[in-house]
Amino acid sequence: MKTFNIIRKQLLALMLMAVATAGYAQNNSNRINFGVGALYERGFDATLSVEHETKNHNAWEYFANYYIKYDKDKDKEAGHITMDSFWKNYRTWGLGVAYKPCVYRAKNAYGSLRFGGSMGSDTDELVGWVNVGYEQNYVLRRGWQLYWQVKSDLCINGKDLFRTGVVIGFKIPTGSR
């Protein structure tokens, strides 16, 4: 519970700092992104990234990712998912880069394909991923954006060979060009 409260306070501080910054959605802008999602099979994912938009909503994304895969409790008496079976099962973290060419544009929305790669660890050994997917963005006031993403990762040297799922998140403009 202490860890959850600390994370919650850090996210609140990050959101308050983001509200204080003025920024507007435009080409050649930078954004800080935060997204969370659910992945097949029994996994959850959190991504923090920096996005640099180039011409026509194409973008480069530099990201850090944390993934946790829960399992049914090994203690048959519990009959449900416990803290140990959730937090102490298979976990990975990774750093990577993705290119996102824009394939769809509307007045306050645009969609991009997402191609990238990342490397990290599963607390035992080096793991790599090939990342592909689609991201749909909705432009809000003051340059903020809401997005959802369908993602698929091909894992190299990990327990999961393939994982896929949906992520939702928001993008905060940094105001720099």
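Let me start with a hairpin: strand β1, residues 30-40, and strand β2, residues 43-53, pair in the antiparallel sense over ten bridges. This is a predicted model, so please hear everything that follows in that light. One pair from that ladder: R31 has E51 as its bridge partner in β2.

The turn of this hairpin deserves a moment. Two residues lie between the strands, and R42 takes a positive phi near 60° there. E41 also sits in the loop between β1 and β2. The peptide bond leading from Y40 into E41 is cis, with omega near 10°. For context, most residues other than glycine have a negative phi, and most peptide bonds are trans.

Which other strand does β1 pair with? Strand β9, residues 162-173, again in the antiparallel sense and over ten bridges. In that ladder, I32 stands opposite I172 of β9.

Now the overall layout. The chain holds two helices and nine strands. Read from the N terminus, the order is α-β-β-β-α-β-β-β-β-β-β. There are 177 residues, and 39% of them are buried. If you take contacts between residues at least 6 apart in sequence, 54% join residues at least 24 apart. The accessible surface of the chain is about 10,600 Å², and carbon and sulfur atoms account for 65% of that.

Next, a residue in strand β8, which spans residues 145-156: S152. Is S152 buried or exposed? Its relative accessibility is 16%, and the cut-off for buried is under 20%, so S152 counts as buried. Its side chain makes a polar contact of 3.0 Å with the side chain of T164. Setting aside neighbours within four places in sequence, the residues in contact with S152 are V130, N131, V132, F162, R163 and T164.

V130 from that list takes us to the surface. V130 is in strand β7, and with a relative accessible area of 38% this residue is partly exposed. V130 also belongs to a nonpolar surface patch, together with V103, Y104, L113, F115, V132, L154, I156, L161 and F162. The accessible area of the patch comes to about 900 Å². Which strands supply at least two residues each to the patch? They are β5 (102-105), β6 (109-121), β7 (126-139) and β8. So V132 and F162 appear twice in this talk, as contacts of S152 and as members of the patch.

The loop between β6 and β7 contains E125. E125 is partly exposed, at 40% relative accessible area. Apart from neighbours within four places in sequence, E125 is in contact with G120 and N157. The C-alpha atoms of E125 and T92 are separated by 9.9 Å, and the two residues are 33 apart along the chain.

Last, two more loop residues, picked for their backbone angles. H57 is in the loop between β2 and β3 (59-69). H57 has a positive phi of about 65° although it is not a glycine, and at 23% relative accessibility it counts as partly exposed. R142 is in the loop between β7 and β8. Phi of R142 is positive too, near 60°, and R142 is likewise a residue other than glycine. At 47% relative accessibility, R142 counts as partly exposed.

Methods. Residues are numbered from 1 along each chain as its sequence is written. This is a predicted model: local features need pLDDT of at least 70, side-chain atom pairs count only at pLDDT 80 or more; totals for chains, interfaces and linings use all residues. Side-chain values use heavy atoms; hydrogens and water are left out. Two strands pair if DSSP finds at least two bridges between them. Helices (H or I, at least four residues) and strands (E, at least two) are DSSP runs, numbered from the N terminus. Buried means under 20% relative accessible area, exposed over 50%, partly exposed in between (1.4 Å probe, protein chains only). A polar contact is a pair of N or O atoms within 3.5 Å; within protein, one must be able to donate a hydrogen and the other to accept it, and residues adjacent in sequence count only if both atoms are side-chain atoms. Contact means heavy atoms within 4.5 Å. Patches are made of residues with over 30% relative accessible area and no salt bridge: like charges are joined within 9 Å, nonpolar side chains (Val, Leu, Ile, Met, Phe, Trp, Tyr) within 5 Å. Accessible areas come from the Shrake-Rupley method with a 1.4 Å probe; for residues, only the protein chains shown count as cover. A salt bridge is a side-chain nitrogen of Lys or Arg within 4 Å of a carboxyl oxygen of Asp or Glu.
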